[in-house]
Amino acid sequence: MKPETLAIHASDVAKSNTGDVIMPISLSTTFYRGEDGAYPGGHMYSRVSNPNRSALEKVLSNLEKGKDTAAFASGNVAGMTIFQALKPGTHIIAPDDMYWGFKKQLTTVFAQTLSFDFIDLTDLALLKSKINENTKLIWVETPSNPLLKVCDIEEISKIAKQHQIKLAVDNTFASPILQNPILQGADIVMHSTTKYIGGHSDVLGGALTTAEIDEFWGDIKNIQQTGGAVPSPFDCFLLLRSIKTLAYRIKGHCENARLLAAYLQQHPKIEQVFYPGLASHPQHYIAKKQMKDFGGMLSILVKGGSKQARQVVNNVHLFAQATSLGGVESLIEHRASVEGPDTKTPQNLIRISVGLEHIDDLINDLDQALAKI
């Protein structure tokens, strides 16, 4: 089945006795045992599994072309679980513009047990030079946050396999509709399901999908089920509801972002636009190869500095000045001030999550905001 159909039907894991077309919410934390001590309903305790979570994990596995999925209470927990599953002394190679939340995890929570190099993963020669005998994970984020760099997943996967290194790809910006890293050689795909998968800025979640059910995946599932940082049944219900419209929402995000990027590229007060769909993007050819479209995220450099960038985000009316991304409403933020004093993000960078409003209204809003600086 095509993604549009899978998104609607792959979560139908059980038919209720009352004939519900939409899977009901199962709030029970514990489940009946049979006379033989087994669990005839397939569930024992909701920290381990739950009907709604099983449905969510099934549909995400189908959409990402993987063998299994583990759902979590947040994207940060999903990523952290991969780091927790690594043996002490492991060396990780990650992007130099890695999402600041994961970078903070590595440099604070895991600083005593893991080592890491943050490099430009678009430079394959540099990647090869950083691999050592303790390197067990390459973490790719493509498109990246917030510079929208695009890494060649297939080429990086070839390098990883030569050295028996796991390749994990943060696919949050692309969504499983636009990009399937497992088909391009990735071992694990990570999503903050809070973003495009949720799509309405009203539910927190994360997920990992694996290409193969191996020992490392067993360690990840053990952390998920034993640690218990899992989404509630209602969270899973909301995500399943949202996934049904994911493919069509993504089409709208992509169309609006493409038009907004083209408008901003020619604006006299914009220094640079970061959007993989522009021919001027340095990895545009890679994005064309591995993505079905170019996504709904873009970043811009405003001429001037932090003051001018902050003026823009303070002068918009339709765009919500807020963090996060992937919702139906357009969001805008001065990214460096979110990431803190150690950020490498330019002070004049604004990150935009392009929503589903009419493009003319979005352009008019930014036009009047830019006119005031």
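The exercises below work through two sheets and one helix of a predicted model.

**Exercise 1.** Find the order of the strands in the open sheet of 7 strands, and name its edge strands.

*Solution.* Begin with the order, which reads 1-7-6-5-4-2-3, and note that the pairing in this open sheet is mixed. The edges are then strand 1 (68-72) and strand 3 (115-119), each of which pairs on one side only. From one strand to the next, the twist averages 20 degrees. As a closer look at one pair, take strand 6 (residues 188-191) and strand 7 (residues 206-210), which run antiparallel to each other and are joined over 4 bridges; here Val-189 stands opposite Thr-209 of strand 7.

**Exercise 2.** Which strands of this sheet do helix 3 and helix 6 touch?

*Solution.* Helix 3 (residues 75-85) packs on the sheet and touches strand 1, strand 2 (91-95), strand 4 (135-141), strand 5 (166-170), strand 6 and strand 7, while its direction makes about 40 degrees with that of strand 7. Helix 6 (residues 153-162) also packs on the sheet, where it touches strand 4 and strand 5, and its direction makes about 155 degrees with that of strand 5.

**Exercise 3.** Describe the open sheet of 5 strands and the helix that lies across strand 8, strand 9 and strand 12.

*Solution.* The strand order is 8-9-12-11-10, again with mixed pairing, and the edge strands are strand 8 (270-274) and strand 10 (320-321). Within the sheet, strand 11 (residues 331-334) and strand 12 (residues 349-353) pair in the antiparallel sense over 4 bridges, and Ile-332 has Ile-352 in strand 12 as its bridge partner. The helix is helix 10 (residues 246-265), which runs at about 15 degrees to strand 9 (297-302).

**Exercise 4.** Check the span of helix 2, and decide why it counts as largely enclosed.

*Solution.* First, at 1.5 Å a residue, the 13 residues of helix 2 (residues 51-63) should span 18 Å, and the end C-alpha atoms are 19 Å apart, which agrees. Second, a residue is buried when its relative accessible area is under 20%. Because 10 of the 13 residues of helix 2 are buried, this helix is largely enclosed by the rest of the structure. Among the buried residues are Leu-56, Val-59, Leu-60 and Leu-63, and the elements covering the buried residues include helix 1 (3-9), strand 1, helix 8 (215-227) and helix 9 (233-243). Finally, look at the two ends: Asn-50 caps the N-terminal end, with a side-chain oxygen 2.7 Å from the backbone nitrogen of Asn-52, whereas the helix is followed by Lys-65, whose phi is positive, near 60 degrees.

Technical notes:
Residues are numbered from 1 along each chain as its sequence is written. This is a predicted model: local features need pLDDT of at least 70, side-chain atom pairs count only at pLDDT 80 or more; totals for chains, interfaces and linings use all residues. Side-chain values use heavy atoms; hydrogens and water are left out. Two strands pair if DSSP finds at least two bridges between them. Contact means heavy atoms within 4.5 Å. Axes are lines fitted to C-alpha atoms, for helices over the stretch in contact, and angles run from 0 to 180 degrees between N-to-C directions. The expected span of a helix is 1.5 Å times one less than its number of residues. Buried means under 20% relative accessible area, exposed over 50%, partly exposed in between (1.4 Å probe, protein chains only). A polar contact is a pair of N or O atoms within 3.5 Å; within protein, one must be able to donate a hydrogen and the other to accept it, and residues adjacent in sequence count only if both atoms are side-chain atoms.
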